[in-house]
Amino acid sequence: MSQLTITVNGIKVCGNRHEPLLTQLEKAGIKPEYQCRNGICGICRCKLVSGTVTQPETLAFVGPNEILSCCSMPQQNIEINFNYQLNIQQHPIKIAL
């Protein structure tokens, strides 16, 4: 299991290559909006600023440089932005640079 860095709306957290992005963000205390968790509704859509992810074909509309956090898995360090204020349940696990 190799670690990577996920930067979400300016907050850096540790991540991995084997879990969906939404799951990893929730574990870090960051709570993006979602409904379906399988790529149908598009509520978890975010902008991929840098890096790469794998994402299966989905039914939800995804624009250029957008991904669905519920079914995307980071393949390297990534930076993403949600276009709304994220709900942070606890202090996210930040990484030291």
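This report describes the fold, the sheet, the cores and two single residues of one protein.

**Ground rules.** This is a predicted model: local features need pLDDT of at least 70, side-chain atom pairs count only at pLDDT 80 or more, and totals for chains, interfaces and linings use all residues. Numbering starts from 1 along each chain as its sequence is written, and side-chain values use heavy atoms, with hydrogens and water left out.

**Overall fold.** The protein has one helix and nine strands. Both kinds of element are DSSP runs, numbered from the N terminus: helices are H or I with at least four residues, strands are E with at least two. Along the sequence the pattern reads β-β-α-β-β-β-β-β-β-β. The radius of gyration is 12 Å, close to the 13 Å of the globule rule for 97 residues, so the protein is as compact as a globular protein of that length. That radius is taken over C-alpha atoms, and the rule is 2.2 Å times the number of residues to the power 0.38. Along the principal axes, the C-alpha atoms fill a box of roughly 35 × 25 × 20 Å.

The accessible surface comes to about 5,600 Å², and 49% of it belongs to carbon and sulfur atoms. Such areas come from the Shrake-Rupley method with a 1.4 Å probe; for residues, only the protein chains shown count as cover. Buried residues make up 41% of the 97 residues. Buried means under 20% relative accessible area, exposed means over 50%, and partly exposed lies in between (1.4 Å probe, protein chains only).

Contact means heavy atoms within 4.5 Å. Among contacts between residues at least 6 apart in sequence, 54% join residues at least 24 apart.

**The sheet.** Strands of a sheet pair through backbone hydrogen bonds, either parallel or antiparallel. Here five strands form an open sheet in the order 2-1-8-4-6, with mixed pairing. Two strands pair if DSSP finds at least two bridges between them. Strand 2 (11-15) and strand 6 (66-68) are the edges, each pairing on one side only. From one strand to the next, the twist averages 35°. Its axes are lines fitted to C-alpha atoms (for helices, over the stretch in contact), with angles from 0 to 180 degrees between N-to-C directions.

Strand 1 (residues 4-8) pairs with strand 2 in the antiparallel sense over five bridges. I6 has V13 of strand 2 as its bridge partner.

**The cores.** A nonpolar core is a set of buried Ala, Val, Leu, Ile, Met, Phe, Trp, Tyr and Cys residues joined through side-chain atoms within 4.5 Å. The largest has 18 residues, and V8, L25, I80 and F82 touch the most other members. Strand 1, strand 2, helix 1 (21-27), strand 4 (45-50) and strand 8 (78-81) each supply at least two residues. Strand 1 gives the most, with three residues. Beyond four places in sequence, L25 touches I6, V8, V13, I30, P32, I80 and F82. Another core lies apart, with six residues, among them L22, C44, C70 and C71.

**Two charged residues.** The table sets E26 beside K47; its contacts leave out residues up to four places away in sequence.

| Residue | Element | Relative accessible area | Contacts |
|---|---|---|---|
| E26 | helix 1 | 19%, buried | K31, Y34, R37 |
| K47 | strand 4 | 42%, partly exposed | P64, N65, E66, E79, I80, N81 |

How far apart are K47 and T58 in space? They are 16 Å apart, C-alpha to C-alpha, and 11 residues apart in sequence.
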